Structures are given as structure tokens and as C-alpha cells.
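Q: Please take a close look at a single residue in this chain. Describe its setting, then step back to the rest of the model.

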Amino acid sequence: MKHILCVMLSFLLFISLVGCSGETIYFDKELKEAEEYEKLATSHFPLSLRAYEPQTLSAVSFSVSEDGSFSGTYSANDYLEKGEGYPGGTIYNCNFAGEFANYEIINDYTIKMFCFNLKSTDKGELESIDESTGIRFLSAPPAGLENSESGFTLYTPEAPISALPSEIMSKIPYGTSGNLGVYILMNNETKDVFSSADISFDSIYY
């Protein structure tokens, strides 16, 4: 009899925790917040981001999927990086993939996230020389996405321009009033900046 009573009490306790609507009751507040953050953050995906630096012809372009995974391409020309067998200089490039996770909603227009599993998806040789042009092609990690121990900050189109950090204000061709109007992703460690619009930055990389 006692055994049956214990089972009935356990069942009633379970029902009270789940609720009549079937809604899950979270014991871990941080877990609930993490799931809510992820849902809000990924609502901005899919998203395409890019960065272009005309002085060195450096370009990074990648697309973020709804689950936070991303893939893209990187290329940077350095015609002064010459050597025996490649008098035409060096082009650094790669195809890459990774994922964003561990989201934190800062405010209505700012989201913090971290990059995980950044890797090259290239197959074959990491270095090759085009004998017809004398240019060396060398695989290199995508500038702006590596060295991101402090994470990334995503600014949504609703972000007031006046609220943007100076690292972004010094790089984008905007005034000081109104809303951003595009997505901006900043590497908090290196201050590299990516945009959802075709914007030429005077200086992306340090």
C-alpha cells in the first residue's frame, strides 16, 4: 500500500511540474535563458556577411544558416610577398566553415555570440604555384574570424548609430544619427567588422 501511495504521489508531483498545458518547468534558470537567447538570436538567421578591404584586396564572405552554422570564402592578395618560383606574389585564400553558439542578448539590437569549430574545408595541397602567372596560392585562416576568444557582437538593423562603438563608427560610411539599417558583426578581440551590405571599409584588418 505504501508503495502504491509513493507512486501516486510521484505521479502527481510530475504533473504539477509539467503543468496542464504541457509546458516544461525549468529547474536551471541559466539553461532556460540559454535556450531563449538561442531562439531570439537565430531568428536573425539565415544571414550573409562580408568584408572587403580595397587597399589589399582582402575579402571575406560567409553565410550563416538558421542553426548558426556558417561557411564561406577568404582571399587576400599580397603581391609584395614574392619568392623563388612565384615572382607574381602571393594570394592567401581558403574555404572555411564553423558555427556560432553560446548567445547572449545584450539589448533589443545587440547580440553576443561565440565562434566554434572554425576550420578549412579545402582538400588537397595547402600551397600551389600557378606557373603561367607566377602567383603562389597559400591556404590561410579567414581574417577577422580567427582569434575570437572574446566572442562576436552582432548589431541588428534597428541599432541606433549613436550607440555603436567607436571601432565600428571609424570604419563605416555613416553619419551619427538614425538607425544602422544593416547587420554588423564585430570580432570583440580584433575589432574586425563584417556587414550584410556591400560596404568597402577603409581599414578592416590590423
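A: **A close look at N147**

N147 counts as partly exposed, because its relative accessibility is 44%. That value lies between the cut-offs: buried means under 20%, and exposed means over 50%. Keep in mind that this is a predicted model.

Where does N147 sit? Its place is in the loop between strand 7 (135–139) and strand 8 (152–155).

Now look at what N147 touches. Leaving out residues up to four places away in sequence, N147 touches N187, E189 and T190. N188 can be compared by distance. N147 and N188 are 41 residues apart in sequence. In space, their C-alpha atoms are 9.4 Å apart.

Next, the chain as a whole. It has three helices and 10 strands. Read from the N terminus, the order is α-α-β-β-β-β-β-β-β-β-α-β-β. Take contacts between residues at least 6 apart in sequence: 54% of them join residues at least 24 apart.

What about burial and surface? The chain has 206 residues, and 35% of them are buried. Its accessible surface comes to about 12,300 Å². Carbon and sulfur atoms account for 54% of that surface.

One surface feature deserves a stop. Y52, L57 and Y79 form a nonpolar patch. Together they have about 260 Å² of accessible area. Y52 belongs to strand 1 (residues 47–53). Y52 counts as partly exposed, because its relative accessibility is 32%.

Technical notes. Residues numbered from 1 in each chain as written. Predicted model: local features only at pLDDT ≥ 70, side-chain atom pairs only at ≥ 80, totals over all residues. Heavy atoms only, no water. Helix = DSSP H or I, 4+ residues; strand = E, 2+ residues; numbered from the N terminus. Buried < 20%, exposed > 50% of the residue type's maximum accessible area, 1.4 Å probe, protein only. Contact = heavy atoms within 4.5 Å. Areas by Shrake-Rupley, 256 points an atom, 1.4 Å probe, with all protein chains shown as cover. Patch = residues over 30% accessible without salt bridge, like charges linked within 9 Å, V, L, I, M, F, W, Y side chains within 5 Å. Salt bridge = Lys/Arg side-chain N within 4 Å of Asp/Glu carboxyl O.
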